[in-house]
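Here are my comments on the model, as numbered points. Please read them with the structure open.

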Amino acid sequence: MAVVIKSASEIDKMRRAGKVVREVLELVRSLAKPGVTTMDLENAAEQRIRHLGAKPAFKGYHGFPAVLCTSINQEVVHGIPSAKRKLKEGDIVSVDCGAIIDGYFGDAAITVPVGEKVDPVTQKLLRVTQSSLEAGIAAVRPGAHLGDIGAAVQKVVEDAGFSVVVDFVGHGIGTQMHEDPQVPNYGERGQGMKLKTGMVIAIEPMVNVGSPDVKVLADGWTAVTSDGSMSAHFEHTVAVTDEGARILTD
Ligand code: MG
Ligand code: MG
């Protein structure tokens with residue numbers, strides 16, 4: 001599939017979807033307290049998405065059963081909300097959400113500390129993963145290469161002593177949730193496709209405290225670190241403009 005270039009009015013529609021995603025993620029952040037289940041988060045998110053006149057992007061996507069991905073601690077991505085999964089003091093929970101308005105998609109993720117007792121290494125993991133996303137976004141401008149984004153993410157992560165997940169990558173986004181190109185969280189400066197004004201991509205570093213290796217559980221969805229170490233995930237949908245990156249999900 002070729003990369004689809006979006007017009008300014010299409011990007012404005014994607015911004016509307018991105019605002020819905022942001023509102024839902026901030027709602028979930030405020031609700032993610034000890035004793036709350038991931039199904040509680042799911043129900044609140046679905047209600048808010050529909051209230052805002054949007055459709056959830058993930059539910060039914062390749063058979064995924066929920067509007068949110070909720071991935072706790074060593075879970076990397078694609079965790080399924082459950083009434084049996086109660087958040088505990090000291091957990092971290094990654095929440096990934098997609099929404100559709102007028103056929104255009106927004107996609108973003110945050111990782112949230114639960115309670116006040118998250119251990120210092122895990123707190124550092126959250127800060128570093130968010131910083132790596134910001135570094136990747138800062139590399140976005142017309143004429144830059146995809147490898148510039150990956151290299152920027154990877155440097156922040158590896159300088160902190162953590163590792164980048166390579167089995168999952170970011171992606172183009174527009175009237176489909178996953179469009180070309182793939183946007184890896186690793187790479188070499190000057191390598192890979194050149195960015196052009198009107199491209200829209202989701203940049204989404206997944207970072208592990210230990211090994212980069214992941215495996216998928218028997219539910220067919222939940223990806224976990226192979227070594228059981230903690231993992232974090234942050235994501236924004238970003239448009240390439242003449243002025244540089246425009247974040248559509250902030
Ligand atoms: Mg996402
Ligand atoms: Mg994504």
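1. **First metal site.** The magnesium ion (ligand 1) is coordinated by Asp96 (OD), Asp96 (OD), Asp107 (OD) and Glu235 (OE), at 2.0 to 2.6 Å. Along the chain, its donors follow the spacing D-x10-D-x127-E. Asp96 sits in strand β4 (residues 92-101) and Asp107 in strand β5 (residues 104-113), 11 residues apart. Note that this is a predicted model, and every distance here should be read as such.

2. **Second metal site.** The magnesium ion (ligand 2) takes its donors from Asp107 (OD), His171 (NE2), Glu204 (OE) and Glu235 (OE), at 2.1 to 2.3 Å. The spacing here is D-x63-H-x32-E-x30-E. Two of these donors come from loops: Glu204 lies between β9 (200-203) and β10 (206-208), and Glu235 between β13 (231-233) and β14 (236-241). They are 31 residues apart, and the pair links distant parts of the chain.

3. **The bridge.** Which residue bridges the magnesium ion (ligand 1) and the magnesium ion (ligand 2)? Asp107 does, and the two ions lie 3.1 Å apart. Glu235 is listed among the donors of ligand 1 and also among those of ligand 2.

4. **Burial of the acidic donors.** Are these side chains buried or exposed? The cut-off for buried is under 20% relative accessible area. Asp96, at 7% relative accessibility, therefore counts as buried. Asp107 is at 3%, so it counts as buried too. Glu204 has a relative accessible area of 7% and is buried. Glu235 is at 0%, and is buried as well. The calculation takes protein chains only as cover.

5. **A neighbour on β4.** Ser94 is found in strand β4, the strand that holds Asp96. Ser94 is buried, with a relative accessible area of 1%. Leaving aside residues up to four places away in sequence, Ser94 touches Cys69, Thr70, Ser71, Val76, Ile110, Thr111 and His233.

6. **Main nonpolar core.** The largest nonpolar core has 40 residues. Val24, Leu68, Val93, Ile149, Leu195 and Ile203 have the most contacts inside it. Helix α1 (residues 8-31) gives the largest share, 6 residues. Apart from this core lies another, of 15 residues, among them Met14, Phe64, Cys69 and Met177. In soluble globular proteins, nonpolar side chains tend to be buried together.

7. **Leu195 in detail.** What does Leu195 touch, not counting residues up to four places away in sequence? The contacts are Val140, Arg141, Pro142, Gly143, Ala144, Leu146, Ile149 and Val240. Of these, Leu146 and Ile149 are buried residues of α4.

8. **Helix α4.** Helix α4 (residues 146-159) has 14 residues, which at 1.5 Å a residue should span 20 Å; the end C-alpha atoms are 20 Å apart, so the two agree. Its buried residues are Leu146, Gly147, Asp148, Ile149, Gly150, Ala151, Val153 and Val157. They pack against α3 (120-138), β6 (163-164), β8 (179-183), β9 and β10. Just after the helix, Gly161 takes a positive phi of about 85°.

9. **Helix α2.** Helix α2 (residues 38-51) also has 14 residues. From first C-alpha to last it reaches 20 Å, close to the 20 Å expected. Thr38, Leu41, Glu42, Ala44, Ala45, Glu46 and Ile49 are its buried residues. An α-helix has 3.6 residues a turn, so residues three or four places apart point the same way. The cover over the buried residues of α2 includes α1, β1 (55-56), β2 (68-72) and β4. Gly53, just after α2, takes a positive phi of about 80°.

10. **Overall fold.** The protein has 4 helices and 15 strands. Its radius of gyration is 17 Å, close to the 18 Å that the globule rule gives for 250 residues, so the protein is as compact as a globular protein of that length. The C-alpha atoms fill a box of roughly 45 × 40 × 30 Å along the principal axes. Buried residues make up 54% of the 250.

11. **Contacts and surface.** Among contacts with a separation of 6 or more, 71% are between residues 24 or more positions apart. The accessible surface comes to about 10,500 Å², and 51% of this belongs to carbon and sulfur atoms.

Conventions
Residues numbered from 1 in each chain as written. Chains lettered and ligands numbered in written order. Predicted model: local features only at pLDDT ≥ 70, side-chain atom pairs only at ≥ 80, totals over all residues. Heavy atoms only, no water. Donors = N, O, S within 2.8 Å, 3.2 Å for Na, K, Ca; no water. Helix = DSSP H or I, 4+ residues; strand = E, 2+ residues; numbered from the N terminus. Buried < 20%, exposed > 50% of the residue type's maximum accessible area, 1.4 Å probe, protein only. Core = buried A, V, L, I, M, F, W, Y, C linked by side-chain atoms within 4.5 Å. Contact = heavy atoms within 4.5 Å. Expected span 1.5 Å × (residues − 1). Rg over C-alpha atoms; globule rule 2.2 N^0.38 Å. Areas by Shrake-Rupley, 256 points an atom, 1.4 Å probe, with all protein chains shown as cover.
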